[in-house]
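Please open the model in a viewer and follow the selections below in order.

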Amino acid sequence: MVSETAAGDPSTELMLRVRDGDAVAFEHLVNLWQSRLVTLFLHHTGDHSTAEDLAQEVFLRVYRSRANYQPTAKFTTWIHTIANNVASDLRQRSYRRREYGVPANVSASSSAIGLEQIAVDASGLMPARLADRTELQAVVQQALSTLNERQRMAVLLAKFEQCSYEEIAAAMNLTVPAVKSLLFRARDQLREAIAPYMQGDQS
Amino acid sequence: MTMKQPAEDAASPREALPTPVSDADATDPSLALADVWDLLDVLPAAVASPDMMASTIEMAAVPASAAISRTGSPIGTDSRATSGRVGRPAPAASWPSVRQWLPGAALVLASLLAGIAVGRATAPSPESALLASLPVVQHLDLLREAGSVAFLEAVAKGGYPPPRRPPPAQSKADVREDAEEFDAAIAALRAGGAVTADRETVSLRREQVLRMPEAQRRQLERSAEMFQRLSGADRSELIAVGRALADPGREQLLKAARLWHAWVQLRDPADRRDIIDLSGEDRLEWLDRWSRIDSRQDPRQDGRDPMRPFYDRERDPRRRPPPEFQQGPPQLWRDDHPRPPRPRGPGPGLGPALGPGPGPGPGMGPPPTDRPPPPEETQAPPR
């Protein structure tokens with residue numbers, strides 16, 4: 001399992017070289033993963049500079065932990081775990097300091113307010129006036145921000161990293177049924193959030 | 001955006017998501033689940049800034065000595081980062097990291113314990129500091145009255161005389177007893193040993209305090225509290241005074257302290273505290289003023305005490321009538337003429353027109369005599 005994973009995953013091979021002190025391999029690893037991580041954190045936080053900072057934090061943790069890296073799992077799962085931990089730390093810091101510009105975290109229980117706001121905002125984004133893709137992106141991004149942290153991370157890992165249930169569960173320290181439930185609720189909430197826009201689109 | 005292909009052996013969430021046909025909520029024709037999922041595709045793929053990789057490499061190239069993470073954990077000790085599982089320990093990965101920081105942690109712990117031990121050995125505790133200054137604490141009132149070494153030296157150089165009058169409302173026995181108490185306090189101060197002592201002396205003093213009667217220990221505790229409330233400079237000054245008074249070679253300072261004590265005793269007890277609280281200069285000014293007054297108005301010469309309240313002067317036994325009143329009234333008749341008898345009692349009255357007065361009248365008083373009246377009756381009565 002380990003050998004197969006390491007053999008088939010270029011990132012794992014790069015990480016093994018980094019562990020052995022190959023600085024060039026680390027550069028390759030950063031080059032390979034930076035845009036993916038920035039995209040993940042961009043849709044998670046809604047802020048590009050914050051996303052880059054968090055991606056850098058992930059790389060720094062990877063580098064600090066290089067000596068202890070064991071290819072017991074795919075590098076993808078490992079780095080997704082670190083990314084999830086970094087995002088979790090950001091949430092805890094923002095909760096303590098109340099100063100980070102994270103999008104409003106609307107939980108499932110308190111999503112009604114956010115959905116109402118989405119509906120009100122979407123009223124100004126009727127299809128007749130929704131001329132370009134940027135506005136659609138804003139609607140989807142805002143709908144994504146109505147998810148709670150774990151739902152959003154699960155959706156992003158599934159959608160943009162194309163992780164399987166098992167990989168998401170491993171990265172987020174959840175069981176597979178829990179991930180399925182998480183994604184199901186996220187899907188429903190996304191659908192409700194985008195519904196006003198879709199209704200206007202069909203009319 | 002570089003997208004990783006999903007693992008073939010793992011179920012993809014996209015495959016697991018229900019289709020619009022099978023979704024019970026897909027009865028709403030306005031919304032298809034696939035559309036919701038596909039709508040996420042409109043989210044743009046981010047592009048890292050050009051300098052991000054360079055700054056990341058630069059940040060990662062921090063020397064190992066400074067490679068303490070921002071969370072405070074050394075390299076490789078972030079269990080969540082190294083284990084690959086949130087909150088799950090990874091023994092195979094974490095044990096080497098423990099081996100890395102364990103010697104350092106042990107060294108830090110040993111240094112900490114050694115520092116605490118050295119600190120306890122060198123730095124005296126507050127209790128030990130008090131016990132080291134026990135003679136000062138025990139004679140705090142005496143030393144506070146003395147003030148400072150500089151003040152005592154100024155008093156010694158000033159040549160001030162002792163007060164000529166005794167303290168108010170004190171007999172000679174009281175004055176003598178007070179002087180004996182002062183000398184006893186000085187003797188006890190000298191017998192108490194050094195003001196600052198070594199550890200053995202502190203231990204002996206601790207036992208001495210423990211053997212004290214309860215009342216004496218409480219008094220000592222009050223003095224200790226007062227001593228601790230003083231500033232560091234004041235405490236040092238009192239310790240210096242204690243050393244000076246306990247030094248047999250500085251008798252002039254002891255005489256000055258005794259002289260100052262006698263002057264302070266002239267004041268009422270309520271006023272003595274104000275005098276003691278004066279600064280050294282104010283004390284000297286007060287001593288100058290009252291020593292001048294005392295020298296001008298010697299109570300042994302005129303019998304008046306300027307420091308005695310006016311309402312108390314009438315009861316002063318040393319006060320006598322002025323000399324002109326001590327000679328008696330002027331003589332209005334010659335010595336060869338017989339003096340009229342001095343009426344006894346209220347007298348016969350104010351005159352014949354008013355009739356006899358309330359006095360005893362003729363026949364009721366003593367018989368007239370030719371003897372001259374006693375000398376005190378010829379003098380004016382004292383006021």
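Begin with chain A, whose elements run α-α-α-α-α-α-α-α-α-α from the N terminus on; helices here are DSSP runs (H or I, at least four residues), numbered from the N terminus. This is a predicted model, in which local features need pLDDT of at least 70 and side-chain atom pairs count only at pLDDT 80 or more, while totals for chains, interfaces and linings use all residues. Residues are numbered from 1 along each chain as its sequence is written, and chains are lettered from A and ligands numbered from 1 in the order in which they are written.

Next, select α3(A) (residues 23-45) and α8(A) (residues 149-160), whose axes come within 10 Å and cross at roughly 145 degrees; axes are lines fitted to C-alpha atoms over the stretch in contact, with angles from 0 to 180 degrees between N-to-C directions. Show Thr39(A), Leu40(A), His43(A) and His44(A) of α3(A) with Arg152(A), Met153(A), Leu156(A) and Phe160(A) of α8(A), which make the contact (C-beta atoms, placed from the backbone, within 7 Å).

Move to α16(B), residues 280-296: the 17 residues should span 24 Å at 1.5 Å a residue, and the end C-alpha atoms are 24 Å apart, which agrees. The expected span is 1.5 Å times one less than the number of residues. Select Arg283(B), Leu287(B) and Asp294(B), which are buried (20 or more other C-beta atoms within 10 Å of the residue's own, against 12 or fewer for exposed). Seen down the axis of α16(B), the buried residues fall within an arc of 35 degrees, so they line one face of the helix; the arc is that of the directions from the helix axis to the C-beta atoms. Finally, add α9 (149-158) and α14 (251-265) of chain B, which are among what covers these buried residues, and turn to the other side of α16(B), where the exposed residues include Glu281(B), Arg289(B) and Ile293(B).

Technical notes
Helix = DSSP H or I, 4+ residues; strand = E, 2+ residues; numbered from the N terminus. Contact = placed C-beta atoms within 7 Å.
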